[in-house]
Amino acid sequence: MYTKHYYPFQVIPVRGGSINDAYGIQYGKDRFFCKINDRDTLPDLFRKEAKGLEYISMTKKIRVPAIIDVLYTETHQIFLMEWIDTTTPTGLSWEKLALQLAGLHNCTFPNFGWFEDNYMGNMEQRNQQMSTWSNFFIECRLVPQMKIGYDQDLLEKKDLLGLQRLFNRLPDIYPHTQPQLVHGDLWHGNILFDLKGDPVLIDPAIHYGHAAADLGLTQLFGGVDSRFYDVYTSEADVAPNYREQWEIANLYPLLMHLNLFGKSYYSGIADTIHSFV
Ligand code: ADP
């Protein structure tokens, strides 16, 4: 039987999340991180996220919060995980992120894709297994978002034609590479640094894909410390045209942002199409 000890208990709302309600749960000297969402709007969001975190953890390449549990009630899904105390990163922290991320990207698999469909933020993403990055990127990433954009009158026929012309160039822009394990939603809000200055990744949209997806996303909203890029590009096996690859990979999050937040993301998409076709 448990001995009865009563410790102070406190629930502290955490701000900064866009999709879920988030809380720090303080129990005695322990603190946990808790996210809550309704059960059916984004089915299995947390179970899929937990699977992604566990998978990254198993590679031992980069730290992620330890999972405590994913719980369901009749109306809600609840994610309990380790609380990460964070600090401002130093140059060394960014260098560590570059090295550890390059390590993650060195984990390869025979096919592009994942074992189930999952989410990027609150958008579903298809993960059918395919043998080339170009086909996977087109069929599972770009086309579903293009359809949503067109149906919402955010994209016109000429945009779809431009994107289709770009599809023909993708096999040249992305020569064949092994499917690489990627975080999949690596904007800077999903990179925490613990009190030792070591990176901790949260909110993965995990799949076997192309490292350009992670690197592109780090740059999409202004970029991170230059040491990160210096170390990554000298450590990882990047293609000579890696800048092009990163820019084109960002068409996926840009289309997603267009569909979620509207026309202000259109010019980024149009510019990318025009520079490549
Ligand atoms: P959402 O999935 O709703 O976007 P996030 O997972 O991004 O929510 O988390 C919301 C906030 O909580 C962010 O500010 C993030 O930095 C912080 N956070 C996320 N995970 C942890 C954790 N394990 N420990 C401490 N803070 C966290």
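This is a stop-by-stop tour of a predicted model, beginning at the ligand and moving outward to helices, strands and loops.

**Stop 1: the ligand and its shell**

Select the ligand, which sits in the largest pocket. Strand E3 (30-38) and strand E5 (76-82) are the elements that give two or more residues to the shell around the ligand. Next, display the 17 residues that surround the ligand; Asn-20, Lys-35, Glu-82, Ile-84 and Asp-203 are the closest. Colour the shell by residue type, and it divides into nine nonpolar, four polar and four charged residues.

**Stop 2: polar atoms facing the ligand**

Keep the ligand on screen and show N and O atoms. Start with Asn-20, where an N or O atom of the side chain is 2.9 Å from an oxygen atom of the ligand. Move to Ser-18 and look at the backbone: one of its N or O atoms lies 3.3 Å from an oxygen atom of the ligand. For Glu-82, again look at the backbone, where an N or O atom lies 2.9 Å from a nitrogen atom of the ligand. Now switch to a surface view: the ligand taken alone exposes 550 Å², and the protein buries 88% of that.

**Stop 3: Asp-203**

Asp-203, one of the closest residues to the ligand, deserves its own selection. Asp-203 lies in the loop between strand E10 (199-201) and strand E11 (207-209). Check its backbone: phi is positive, about 50 degrees, although Asp-203 is not a glycine. Is Asp-203 buried, partly exposed or exposed? Its relative accessible area is 26%, so Asp-203 counts as partly exposed.

**Stop 4: Asp-44**

Go to the loop between E3 and helix H1 (45-59), and select Asp-44. Here too a residue that is not a glycine has a positive phi, in this case about 60 degrees. Asp-44 is partly exposed because its relative accessibility is 27%.

**Stop 5: Glu-54 in helix H1**

Continue into helix H1 and pick Glu-54. Its relative accessible area is 45%, so Glu-54 is classed as partly exposed. Add Ala-66 to the selection: these two residues are twelve apart along the chain, and their C-alpha atoms are separated by 7.9 Å.

**Stop 6: Tyr-23 in strand E2**

Select strand E2 (residues 21-27) and find Tyr-23 in it. What makes Tyr-23 count as partly exposed? The reason is its relative accessibility of 22%, given that buried means under 20%. Measure from here to Trp-83: the C-alpha atoms are 9.9 Å apart, with the two positions 60 residues apart along the chain counted as their separation.

**Stop 7: Thr-90**

The loop between E5 and helix H2 (91-105) holds Thr-90. With 46% relative accessibility, Thr-90 is partly exposed; the class of exposed residues begins over 50%. Draw a C-alpha to C-alpha line from Thr-90 to Gly-197: the two are 6.9 Å apart in space and 107 residues apart in sequence.

**Stop 8: Gly-162 in helix H4**

Move on to helix H4 (residues 157-173) and select Gly-162. Is this glycine buried or exposed? Gly-162 is buried, because its relative accessible area is 2%. For a long-range pair, add Phe-276, which is 114 residues from Gly-162 in sequence and 9.4 Å from it, C-alpha to C-alpha.

**Stop 9: helix H5**

Finish at helix H5 (residues 211-220). How many of its ten residues are buried? The count is eight, and the helix is mostly covered. Select the buried residues in order: Ala-211, Ala-212, Ala-213, Asp-214, Leu-215, Gly-216, Leu-217 and Thr-218. Then step just past the helix to Gly-222, where phi is positive at about 110 degrees.

Notes
Residues are numbered from 1 along each chain as its sequence is written. This is a predicted model: local features need pLDDT of at least 70, side-chain atom pairs count only at pLDDT 80 or more; totals for chains, interfaces and linings use all residues. Side-chain values use heavy atoms; hydrogens and water are left out. Buried means under 20% relative accessible area, exposed over 50%, partly exposed in between (1.4 Å probe, protein chains only). Helices (H or I, at least four residues) and strands (E, at least two) are DSSP runs, numbered from the N terminus. A residue is near a molecule or strand if one of its heavy atoms lies within 4 Å of it. A polar contact is a pair of N or O atoms within 3.5 Å; within protein, one must be able to donate a hydrogen and the other to accept it, and residues adjacent in sequence count only if both atoms are side-chain atoms. Accessible areas come from the Shrake-Rupley method with a 1.4 Å probe; for residues, only the protein chains shown count as cover. On a 1 Å grid over the protein atoms alone, a cavity is a set of points where a 1.4 Å probe fits but cannot get out, and a pocket is an open set with protein on both sides within 12 Å along at least five of seven lines; lining residues have an atom within 4 Å of a point. A molecule sits in a cavity or pocket if more than half of its atoms lie within 2 Å of its grid points. Ala, Val, Leu, Ile, Met, Phe, Trp, Tyr, Cys and Pro count as nonpolar, Asp, Glu, Lys and Arg as charged, and the others, Gly among them, as polar.
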